[in-house]
Amino acid sequence: MNGIQRQWDDFHSYVERRDVIFYYVGYFSQTIIAAMADAVKLRVEHAGAVAQTRRKLFSSFIEMAQNIVHYSADSYEKEGNSEASMRHGAVFISLTDERYYLHCANPVNAVVAEKLREKLEHLRSLTIDEIKLEYKETLRAETPADSKGAGLGFLTMARDASAPLEFELSPASGEGKDSGTSMFYLRATI
């Protein structure tokens, strides 16, 4: 067995031991999210998740991917286009002891990091009934001017999760990383 095949086999074995249902790291766009959504639907169905669990997994996956598209500090811009067309991040879904875990990670600037911390700490302080009430109120409210969505993403994930959302913000590392950038990690348990 040559070195490349051995590396592939090692990685594949690691993924199987961790019960990884789906994994992607790279640039995200609306087109890429649509393709990943199809793959996630099929993989979760194949894993045997019941309909309600599939719905929760799918909606949380879409929200995580959308957050990467809207807030990742690492973007790839098309020439002549002032808006970032693709943003870098990672998502993966794993299954352990009949619980699904959705993870995402992406770099964020300091202002976004603070907003994420405030939103998620607030959500972690609420009961499930309070989360559902806030979700309904947010549906009826006007979209904030500085928002790139209706503000329902984290509420949707928190509502559908079987445990409080978990998150970390840590200084980004690596060559060329701006000191004002943090890595944002989020996990939802379904």
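Begin by selecting helices α5 and α6 in this predicted model, where α5 passes α6 in a left-handed crossing. Helix α5 covers residues 128–140 and helix α6 covers residues 153–160, and their axes come within 9 Å of each other while crossing at roughly 145°. To see what fills the contact, show the side chains of I128, I131, K132, E134, Y135 and T138 on α5, and then those of L155, T156, A158 and R159 on α6.

Stay with α6 and select D160 together with R55, whose side chains meet in a salt bridge with an N to O distance of 3.5 Å. Because R55 lies in helix α3 (residues 51–71) and D160 in helix α6, this pair ties together parts of the chain that are 105 residues apart in sequence. Which of the two partners is buried? With a relative accessibility of 4%, D160 counts as buried, whereas R55, at a relative accessible area of 42%, is partly exposed.

Now add R159 to the selection, since salt bridges that share partners join R55, R159 and D160 into one network. R159 has already appeared on this tour, as one of the α6 residues that make the contact with α5. A search of the whole structure finds four salt bridges, and two further pairs deserve a stop.

For the next stop, select R187 and E166, whose side chains meet in a salt bridge at 2.7 Å, again taken from N to O. This pair links distant parts of the chain, with R187 in strand β6 (residues 181–189) and E166 in strand β5 (residues 166–171), 21 residues apart. Colouring by accessibility will show R187 as partly exposed, with a relative accessible area of 28%, and E166 as partly exposed too, with a value of 35%.

Move next to helix α4, which spans residues 110–124, and select R117 and E114, whose side chains meet in a salt bridge of 3.8 Å from N to O. How far apart are these two residues in the helix? They are three residues apart in α4, so about one helical turn separates them. R117 counts as partly exposed at 30% relative accessibility, and E114 is likewise partly exposed, with a relative accessible area of 38%.

From the charged pairs, turn to the nonpolar surface and select W8, F11, Y23 and V25, which together make a nonpolar patch of about 460 Å². The elements that give two or more residues to this patch are α1 (3–17) and β1 (20–28), so both should be displayed alongside the four side chains if their backbone setting is of interest. V25 is found in strand β1, and with a relative accessible area of 44% this residue is partly exposed.

Finally, clear the selections and view the whole chain, which contains six helices and six strands. Followed along the sequence, these elements run in the pattern α-β-α-α-β-β-β-α-α-α-β-β. Of the 190 residues in the chain, 37% count as buried, and the chain exposes about 11,500 Å², of which carbon and sulfur atoms supply 51%. If you display contacts between residues at least 6 apart in sequence, 64% of them join residues that are at least 24 apart. The bridge between R55 and D160, with partners 105 residues apart, is a pair to return to with this wider view in place.

Terms used: Residues are numbered from 1 along each chain as its sequence is written. This is a predicted model: local features need pLDDT of at least 70, side-chain atom pairs count only at pLDDT 80 or more; totals for chains, interfaces and linings use all residues. Side-chain values use heavy atoms; hydrogens and water are left out. Patches are made of residues with over 30% relative accessible area and no salt bridge: like charges are joined within 9 Å, nonpolar side chains (Val, Leu, Ile, Met, Phe, Trp, Tyr) within 5 Å. Accessible areas come from the Shrake-Rupley method with a 1.4 Å probe; for residues, only the protein chains shown count as cover. Buried means under 20% relative accessible area, exposed over 50%, partly exposed in between (1.4 Å probe, protein chains only). Axes are lines fitted to C-alpha atoms, for helices over the stretch in contact, and angles run from 0 to 180 degrees between N-to-C directions. A crossing is left-handed if the near helix is turned anticlockwise from the far one by less than a right angle, and right-handed if clockwise. Contact means heavy atoms within 4.5 Å.
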